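Hello,

Here is the structure we discussed handing over. My notes follow below it.

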Amino acid sequence: MIDVILFQPQIPQNTGNIGRLCAFSNCRLHLIHPLGFEISDKNLRRAGMDYWKSLIVHDYKDWDEFTKSSTRPENIYLLSTHGEKGIWDANFQTGDGLLFGNEGAGAPREIHKWVGGNRLTIPKYSPELRSLNLAVSVGIAVYEAIRQITTAK
């Protein structure tokens, strides 16, 4: 199982789609507040449909509570456009966490510092483009981690 960690997500449709992906792929979802929407938001429910009830979701009031929690994964990779190596070069293991910044500002400097060398990027082939949609990025990273874990067996 892989853990997906969202730092202060802002767009309910992205979080709903990510929740649906997590339910489908048997991943735990960690939400670090404040969120840019209410969990009951109709857009979140629409995107996550009835999958939301199948999720294992952990909520944290802030980054500090997350870092001190016994429910957080021990090994965490931050996915960022500033990552030092691509996701294809990581060595994902069961129980790893994939951390994503929010749609507007990404992850703050303190988080980049906290993860140290565990910063990964999704390779891009159009340098003029900034980044992918959050839900798309999560899907790519989750399935690369699953691919690595299942082929390593």
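**Cysteines and cores**

Cys27 has 5% relative accessibility, so Cys27 counts as buried. Please keep in mind that this is a predicted model.

Cys22 is buried too, with a relative accessibility of 1%. How many disulfides does a search of the whole structure find? Zero. The sulfur of Cys27 is the nearest cysteine sulfur to that of Cys22, at 5.2 Å. Seen from Cys27, the nearest cysteine sulfur is that of Cys22, again 5.2 Å away. A disulfide needs the two sulfur atoms within 2.5 Å, so a pair 5.2 Å apart does not qualify. Neither Cys22 nor Cys27 is in a disulfide.

Next, the nonpolar cores. The largest one has 28 residues. Which of them touch the most other members? They are Val4, Leu6, Ile18, Leu98, Phe100 and Val138. Two or more residues each come from these elements:

- strands β1 (3-7), β2 (28-32), β4 (76-79) and β6 (97-100)
- helices α1 (12-25) and α5 (134-152)

α5 gives the largest share, seven residues.

There is also a second, separate core. This one holds 12 residues, among them Ile5, Tyr60, Trp63 and Ile111.

Back to Leu98. Leaving aside residues up to four places away in sequence, Leu98 touches Ile2, Asp3, Val4, Ile5, Tyr77, Leu79, Phe92, Ala141, Val142 and Ala145. One of these contacts, Ile5, belongs to the second core. Another, Val4, is listed with Leu98 among the residues of the largest core that touch the most other members.

Best wishes

Note on methods:
Residues numbered from 1 in each chain as written. Predicted model: local features only at pLDDT ≥ 70, side-chain atom pairs only at ≥ 80, totals over all residues. Heavy atoms only, no water. Core = buried A, V, L, I, M, F, W, Y, C linked by side-chain atoms within 4.5 Å. Buried < 20%, exposed > 50% of the residue type's maximum accessible area, 1.4 Å probe, protein only. Helix = DSSP H or I, 4+ residues; strand = E, 2+ residues; numbered from the N terminus. Contact = heavy atoms within 4.5 Å.
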